[in-house]
Amino acid sequence: MWRNRKAIRGGTASAVPPQPEKREGLQPLRLLAVAALLASAVSLWSQEDAAWKRARERMVEETIAHPEDGRPPVRDARVLAALRAVPRHEFVPSFLRHLAYGDNPLLIGHGQTISQPYIVAKMTELAALKATDRVLEVGTGSGYQAAVLAALVKEVCTIEIVAPLAEEARERLKRLGYANVEVRVGDGYAGWPEKAPFDAIIVTAGATHIPPPLVEQLKPGGRMVIPVGEGPYDQELKVLRRGKTPKDIKVESVMPVRFVPLTGGHEKPEP
Ligand SMILES: C[S@@+](CC[C@H](N)C(=O)[O-])C[C@H]1O[C@@H](n2cnc3c(N)ncnc32)[C@H](O)[C@@H]1O
């Protein structure tokens with residue numbers, strides 16, 4: 001009897017698949033390997049992140065806060081902090097990422113460009129923004145200027161006439177967590193009447209004249225920053241300050257600039 005039971009147990013034992021003890025012995029090794037892979041991926045990612053951060057810091061110091069070519073520096077500490085924080089490399093095509101922190105405009109597709117960081121900073125400074133402001137941008141492009149604005153004010157409304165650019169910018173801004181920006185497809189010449197009035201308006205395409213609907217949509221005391229000129233080689237960056245009525249405006253020329261044209265086919269109004 002005893003012998004039989006032993007024989008049965010022996011028979012059963014030799015029929016079972018590989019011993020569970022052996023499989024369990026491999027599990028911790030596998031877990032360790034996965035953890036090591038994850039740790040090295042995280043470390044690579046944070047090294048890359050730190051490198052982008054250093055590149056941004058250099059861009060701000062050398063080309064915006066202390067430009068060496070005689071351009072007026074940007075001094076507003078909040079604007080400089082926003083430029084240090086917004087990851088410009090996320091707003092350019094991947095094959096141009098290595099140029100993201102140079103002081104140049106870059107192509108973003110559809111014949112359009114992301115503006116030069118110095119100009120983004122200067123236009124933002126000229127808009128004299130407060131944390132409680134609501135701002136309109138005309139010419140979303142990549143969404144970079146909108147992200148810089150979003151870091152400084154309560155709400156940003158931005159209009160782009162090229163639908164695929166607007167959609168890409170909307171997705172990108174969402175992915176990067178800029179929750180206070182609304183992107184709309186349309187002709188920014190007409191502004192965004194449903195969202196008006198605005199504390200400030202920034203136009204990032206060259207207009208032949210200051211669009212009257214935009215002046216109407218500025219609050220009393222509001223500021224508009226806009227490149228104006230007959231062609232790309234004849235543009236001046238202007239700052240308009242509105243008084244109590246749309247007729248009560250003061251316009252100051254700041255510096256020569258070169259922007260892609262404001263399209264949309266609007267006519268220059270009769271003087
Ligand atoms: C220099 S890019 C703007 C760069 C953008 N602010 C950025 O941060 O990437 C000018 C943009 O204005 C857009 N644009 C031109 N005319 C427009 C109009 N009438 N209404 C809205 N957007 C316009 C162009 O399609 C282009 O994307």
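A nonpolar core is a set of buried Ala, Val, Leu, Ile, Met, Phe, Trp, Tyr and Cys residues joined through C-beta atoms within 7 Å. This structure is a predicted model.

**Core.** The largest nonpolar core holds 59 residues. Within that core, Val 135 and Ile 201 touch the most other members. Leaving aside residues up to four places away in sequence, Ile 201 touches Leu 136, Leu 214, Leu 218 and Met 224. In soluble globular proteins, nonpolar side chains tend to be buried together.

**Ligand shell.** Around the ligand there are 25 residues, and Gly 139, Gly 141, Ser 142, Gly 188 and Gly 264 come nearest. Three elements, β2 (112-114), α5 (144-150) and β4 (155-160), each give two or more residues to this shell. The largest share, 3 residues, comes from β2. By type, the shell has 12 nonpolar, 11 polar and 2 charged residues.

**Backbone.** A cis peptide bond links Ala 196 to Pro 197, with omega about 5°. Pro 197 sits in the loop between β5 (181-185) and β6 (198-203). Two residues that are not glycine have positive phi values, His 110 and Ala 128.

| Residue | Phi | Loop | C-beta atoms within 10 Å |
|---|---|---|---|
| His 110 | about 60° | between β1 (106-109) and β2 | 14 neighbours |
| Ala 128 | near 45° | between α4 (117-126) and β3 (134-138) | 15 others |

Are these two residues buried or exposed? His 110 counts as partly exposed because it has 14 C-beta neighbours inside 10 Å. Ala 128 is also partly exposed, with 15 other C-beta atoms within 10 Å. The buried class needs 20 or more, and the exposed class 12 or fewer.

Technical notes. Residues numbered from 1 in each chain as written. Predicted model: local features only at pLDDT ≥ 70, side-chain atom pairs only at ≥ 80, totals over all residues. Near = placed C-beta within 6 Å. Helix = DSSP H or I, 4+ residues; strand = E, 2+ residues; numbered from the N terminus. Nonpolar A, V, L, I, M, F, W, Y, C, P; charged D, E, K, R; others polar. Contact = placed C-beta atoms within 7 Å.
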